[in-house]
Each structure stands twice: as C-alpha cells, then as structure tokens.
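The following exercises are to be worked with the sequence and the structure at hand. Each task is followed by a solution in steps.

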Amino acid sequence: MSYLRTIRTIGHTSAFARHPHRTVVARSTITPGHFQVVSQRHFSYEATVAGFWQTLSQSAPVAYVQQGMINLHDLTGLPWWATVILTTVGLRTLVTLPLAVYQNKILARLEQISLEMPELIKELKAETAYAMKKFNWTEKEARIMYNHSLKKQWNNLIVRENCHPAKTMVLLWGQIPLWIVQSVAIRNLVSMLPDPTAIEAQIAYTELTLGGFGWIPNLTELDHSLIFPVALGVINLSIIEIQAASRTKLPSKLQTIFTNLFRGLSILMVPIAASVPSCLCLYWVTSSAYGLGQNLLLLSPRVRRTVGIPAVPSELTHPYQHIRSTFAAKLGALSGRLGPNNQHPPPSTKA
C-alpha cells in the first residue's frame, strides 16, 4: 500500500508541472490598496501529451502490473527476461484466453440463429402478402411492416441466445487495454518511474541491465540485431494470414479493408519495435506469439467442443490442413508471378 500511496502523492504534486501557469500580481478593483493573485494558464499540445502520458504511467492498473512483475521476479528468482515472458503468458491466460473463448461462443450463436432466419423470412413474407390483401396495404406500407417484423424477430433471437453482435468485440476490449497497461509498466521499469529516486526503481533498473540473454544481455538497450522487431512483424502477419485463410466464405469489402490495414500496421510495428528497449520488444513478441498459438488452438474442433463452443457449418473439419493448403496455393501463385518464364514450356524446335 505504501507503494501505491507514493504514486498517488507524486501524481498530485506533479499536477502543477503538467499545467504550468504564471502568477501575476494586480491591483484589486474592489478595495483600493489591496492586491489579488490572478492565475493565467497556458496550454500546449506538448504539455497535453506529456500530461496524458504521465497520468497513464502513474495510473493504478499500471502500478499494480509493475509491482506485480517486481514481486514475481523477487519471489521466483528468475532473470528479468523470463519474468517478462512468464508475466505475459500469465496475464494473457487469465484475461485474453477466456475472452477469446467467449467471443467464439458469441460468433457461433450468431451463426446458429442466422440459420433460423430463412424459415422466419418465408413465414413473414406469407403473412405480409396476406395482410396486403386483408388491410389493403400499399407496397410501401407492406415493406415497412415487413422490415419492422423482421428486425423484431432477429432481436428476439439475439435476446434468446444472449449473443448481441457488440459482444463479438469483447476480445479487443480486454486485449488492447492489457497490452497498453503492461507496455507502460515495462517502460516505467526501464525509465525508473514514477520515482527515479526510489531505491526499488533503481534496483529494478540495474537488474534489467543484467537480466538479458543471448544477443541482448542488457534489456534496457535496443535490439540492434533486429531479431525481435522482425520476429514481431512476421508473427503479426502470420496471425492475420491465418485468420484470413480460416474463413470459409469470401470476405466482404470491409473485411478486406481491415485485413490490409492490419497488414500495414504489422509492417509499421517493425521500425517501432526497433526503437524501443529490448525488454519491451520482448513483451510484444511474447504477446503476439501467445496470440498466434491461441488462434491456432481455437481452430481445433476438439478444443472448441471442450471449451463449450457449439459446432457451426462454417467450422473447418480439418483446419490445419486447410490453412496449409491455402498457404501453399498462395506461395505457388506468388512464385508464378515472380517467375513467369517458369510457367510456359520452351518453344518446340521441331520442324
């Protein structure tokens, strides 16, 4: 508790640094001979960004994760590189894996109720045609009532199965905040924040400089070999391509746009990862690798039945064979474009 109180105290005392102001002494217009203090605040983009970053780095979730990593390191005696990996795997297992399972259940329920819609649509069309004759509805009135009834039936199915489409984003709601919080917590350890004068912060920083492995003995420095940044890009691209290959239907225009957007972001993360301390890059690689394994695991029909995800028609019976064949076809097409001369046999020399 003393650690969190220290963070809270620093947060309050640093509020003045985040909002610099100038004090002007002016003669009061109320009582002659008296003076009053007038405070003038000056805002800037840099001060706003710095204030937001400082508030985030001193927030309670970041403090809990940061202190938890320190406690885990002290308790287990593991080097810091192993502590980062173990913390990442533990938090993702406790937070994102259950959310991923729940999200897949929602997607499966939505697909199941969509299978009930053709029969309902057939009944609604028959009822609408009957109502047009009985009540002399125009086509416009009939279309309005049909759409209203159809929407009502769909909402009733959603309520019955408790599978609102908004819940299909639940994994992002948990994964993105967790990624941000742990990234800031690791950055705090490298920068000895929130209090650089604290003995605990200085000890953690010193241990990070000695807690690396292999080609990165100092976790506070950049990965000059670029092994981790490139690995991060490859893993993120693999996740995107596996998700695209596991679809059994043609992607919509919006899905194609988002797929290409995430491909670009995956490539953009490579230079960003090359510019941050290697311990932060290690966390990003570990988190992405966990996400890749999580996606592959939840493609298995046996695993899906084990965790209670219902079977649906779009589910792949042999997902790994399907992905492998899809990748092989893409590589074949790519090699064909890169070497067009290999596609055509040489012209015959016969007369």
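**Exercise 1. State how much surface the protein exposes and which atoms supply it, then describe the fold as a whole.**

Solution. In this predicted model, the protein exposes about 21,900 Å². Carbon and sulfur atoms supply 66% of that area. The secondary structure consists of 15 helices and two strands. Of the 351 residues, 34% are buried. Among contacts with a separation of 6 or more, 69% are between residues 24 or more positions apart.

**Exercise 2. Determine whether the span of helix α10 agrees or disagrees with its number of residues, and identify which residues of the helix are buried.**

Solution.

Step 1. Helix α10 covers residues 199–210, which is 12 residues. The expected span is 1.5 Å times one less than the number of residues, and for α10 this gives 16 Å. The end C-alpha atoms of α10 are 17 Å apart, which agrees.

Step 2. The cut-off for a buried residue is under 20% relative accessible area. Ala-201, Ala-204 and Leu-208 are buried in α10. Viewed down the axis of α10, the buried residues fall within an arc of 65°, so they line one face of the helix. The general basis is that an α-helix has 3.6 residues a turn, so residues three or four places apart point the same way.

Step 3. The buried residues of α10 pack against α5 (80–94) and α9 (170–191). Ile-199 and Leu-210, on the other side of α10, are exposed.

**Exercise 3. Identify the residues that make a nonpolar surface patch of about 630 Å², and classify Phe-258 by its accessibility.**

Solution.

Step 1. The patch is made by Leu-254, Phe-258, Leu-261, Phe-262, Leu-265, Leu-268 and Ile-272.

Step 2. Phe-258 is located in helix α12, which comprises residues 253–273.

Step 3. The relative accessibility of Phe-258 is 39%. Partly exposed residues lie between the cut-offs of 20% and 50%, so Phe-258 counts as partly exposed.

**Exercise 4. Give the number of salt bridges, and for the pairs Arg-160 with Glu-116, Arg-263 with Glu-241 and Glu-315 with Arg-305, locate each partner and state its exposure.**

Solution.

Step 1. The count comes to six salt bridges.

Step 2. Arg-160 and Glu-116 meet through their side chains at 2.6 Å, N to O. The pair links distant parts of the chain, 44 residues apart: Arg-160 belongs to helix α8 (residues 139–161), and Glu-116 to the loop between α6 (96–114) and α7 (117–135). Arg-160 is partly exposed at 47% relative accessible area, and Glu-116 is partly exposed at 31%. A network of salt bridges links Glu-116, Arg-160 and Glu-161.

Step 3. The side chains of Arg-263 and Glu-241 form a salt bridge at 2.7 Å, N to O. Here Arg-263 is in helix α12 and Glu-241 in helix α11 (residues 227–245), 22 residues apart. Arg-263 is partly exposed, with 26% relative accessible area, whereas Glu-241 is buried, with 18%.

Step 4. Glu-315 and Arg-305 also meet in a salt bridge, at 2.7 Å, N to O. Glu-315 lies in the loop between α14 (301–306) and α15 (319–338), and Arg-305 in helix α14, so the pair ties together parts that are 10 residues apart in sequence. Glu-315 counts as buried at 18% relative accessibility, and Arg-305 as partly exposed at 35%.

Notes
Residues are numbered from 1 along each chain as its sequence is written. This is a predicted model: local features need pLDDT of at least 70, side-chain atom pairs count only at pLDDT 80 or more; totals for chains, interfaces and linings use all residues. Side-chain values use heavy atoms; hydrogens and water are left out. Helices (H or I, at least four residues) and strands (E, at least two) are DSSP runs, numbered from the N terminus. Buried means under 20% relative accessible area, exposed over 50%, partly exposed in between (1.4 Å probe, protein chains only). The arc is that of the directions from the helix axis to the C-beta atoms. Contact means heavy atoms within 4.5 Å. Patches are made of residues with over 30% relative accessible area and no salt bridge: like charges are joined within 9 Å, nonpolar side chains (Val, Leu, Ile, Met, Phe, Trp, Tyr) within 5 Å. Accessible areas come from the Shrake-Rupley method with a 1.4 Å probe; for residues, only the protein chains shown count as cover. A salt bridge is a side-chain nitrogen of Lys or Arg within 4 Å of a carboxyl oxygen of Asp or Glu.
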